[in-house]
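Welcome, and thanks for taking a look at this one. Here is a short briefing to read alongside the model.

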Amino acid sequence: MVRMTPQRRVLLDELKGTHDHPSADLLYERVRKRLPRISLGTVYRNLDLLSEEGLIHKLQLGGQMRFDADLTHHCHVRCEQCGCVDDVDCQAPEHVEQAFIAPNGYRITGHRFEWVGVCPQCQEQNG
Ligand SMILES: [Zn+2]
Ligand SMILES: [Zn+2]
């Protein structure tokens, strides 16, 4: 089991309380309000540890690392204009992946799937 340092607990807390899939930089800004002496390096290191322990998900969306404390199976939609990320319910059970990819001889360990579009706020601004 991972040792829950105060920094790690605050990071996990912060992530569990949000659904906007923040980047490490954004999380750093937020946790600094509670831990004024934390460094960006500490934030990066602890986020890596938390994701290695399976307590959070590390997502690569739009070329940027984002973090998600929602461990249920879901997909993501990213706005190509403002970069915001939302959750999308989608059914992609493991056997579907196996059926599609197993014939190539791969052993499937996960998948990455991302919808891209324009979010409602951006559509409104564009008129
Ligand atoms: Zn947008
Ligand atoms: Zn998510």
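Buried means under 20% relative accessible area, exposed means over 50%, and partly exposed covers what falls in between. Please keep in mind that this is a predicted model. The points below cover two zinc sites, a loop contact and a helix pair.

**Zinc ion (ligand 1)**

- Four cysteines coordinate the zinc ion (ligand 1) through their SG atoms at 2.3 Å: Cys-79, Cys-82, Cys-119 and Cys-122.
- The angles subtended by the 4 donor atoms run from 105 to 114 degrees, so the arrangement around the zinc ion (ligand 1) is tetrahedral; the criterion is that all angles lie between 85 and 135 degrees.
- For reference, the ideal angle for four tetrahedral donors is 109.5 degrees.
- Along the sequence, the donor residues of the zinc ion (ligand 1) follow the spacing C-x2-C-x36-C-x2-C.
- Distant parts of the chain are linked here: Cys-79 belongs to strand 3 (residues 75-79), while Cys-119, 40 residues apart from Cys-79, sits in the loop between strand 5 (114-117) and helix 5 (120-126).
- Cys-79 has a relative accessible area of 3%, so it is buried, and Cys-119 counts as buried at 9%.

**Zinc ion (ligand 2)**

- The protein donors of the zinc ion (ligand 2) are three NE2 atoms, from His-21, His-74 and His-76, together with OD atoms of Asp-68 and Asp-87, at 2.0 to 2.2 Å from the ion.
- The spacing of these donor residues in sequence is H-x46-D-x5-H-x1-H-x10-D.
- Asp-68 is part of strand 2 (residues 64-68) and Asp-87 is part of strand 4 (residues 85-88), so this pair ties together parts 19 residues apart in sequence.
- Are these two aspartates buried or partly exposed? Asp-68 has 4% relative accessibility and therefore counts as buried, whereas Asp-87, at 30%, counts as partly exposed.

**Loop between helix 1 and helix 2**

- Thr-18 is found in the loop that runs between helix 1 (6-16) and helix 2 (24-31).
- With 16% relative accessibility, Thr-18 counts as buried.
- The side chains of Thr-18 and Asp-20 are joined by a polar contact of 2.5 Å.

**Helix 1 against helix 3**

- At what angle do the axes of helix 1 and helix 3 cross? They cross at roughly 75 degrees and come within 10 Å, with helix 3 covering residues 40-52.
- Helix 1 is therefore roughly perpendicular to helix 3.
- Helix 1 makes the contact with Gln-7, Arg-8, Leu-11, Leu-12 and Leu-15.
- On the helix 3 side, the contact residues are Thr-42, Val-43, Asn-46, Leu-47, Leu-49 and Leu-50.

Key
Residues are numbered from 1 along each chain as its sequence is written. Chains are lettered from A and ligands numbered from 1 in the order in which they are written. This is a predicted model: local features need pLDDT of at least 70, side-chain atom pairs count only at pLDDT 80 or more; totals for chains, interfaces and linings use all residues. Side-chain values use heavy atoms; hydrogens and water are left out. Donors are N, O and S atoms within 2.8 Å of the metal (3.2 Å for Na, K and Ca); water is not among the atoms, so sites may look incomplete. Four donors count as tetrahedral if all angles lie between 85 and 135 degrees; four count as square planar and six as octahedral if opposite donors are over 155 degrees apart and all others between 65 and 115; anything else is irregular. Helices (H or I, at least four residues) and strands (E, at least two) are DSSP runs, numbered from the N terminus. Buried means under 20% relative accessible area, exposed over 50%, partly exposed in between (1.4 Å probe, protein chains only). A polar contact is a pair of N or O atoms within 3.5 Å; within protein, one must be able to donate a hydrogen and the other to accept it, and residues adjacent in sequence count only if both atoms are side-chain atoms. Axes are lines fitted to C-alpha atoms, for helices over the stretch in contact, and angles run from 0 to 180 degrees between N-to-C directions. Angles under 35 degrees count as roughly parallel, over 145 as roughly antiparallel, 65 to 115 as roughly perpendicular and the rest as oblique. Contact means heavy atoms within 4.5 Å.
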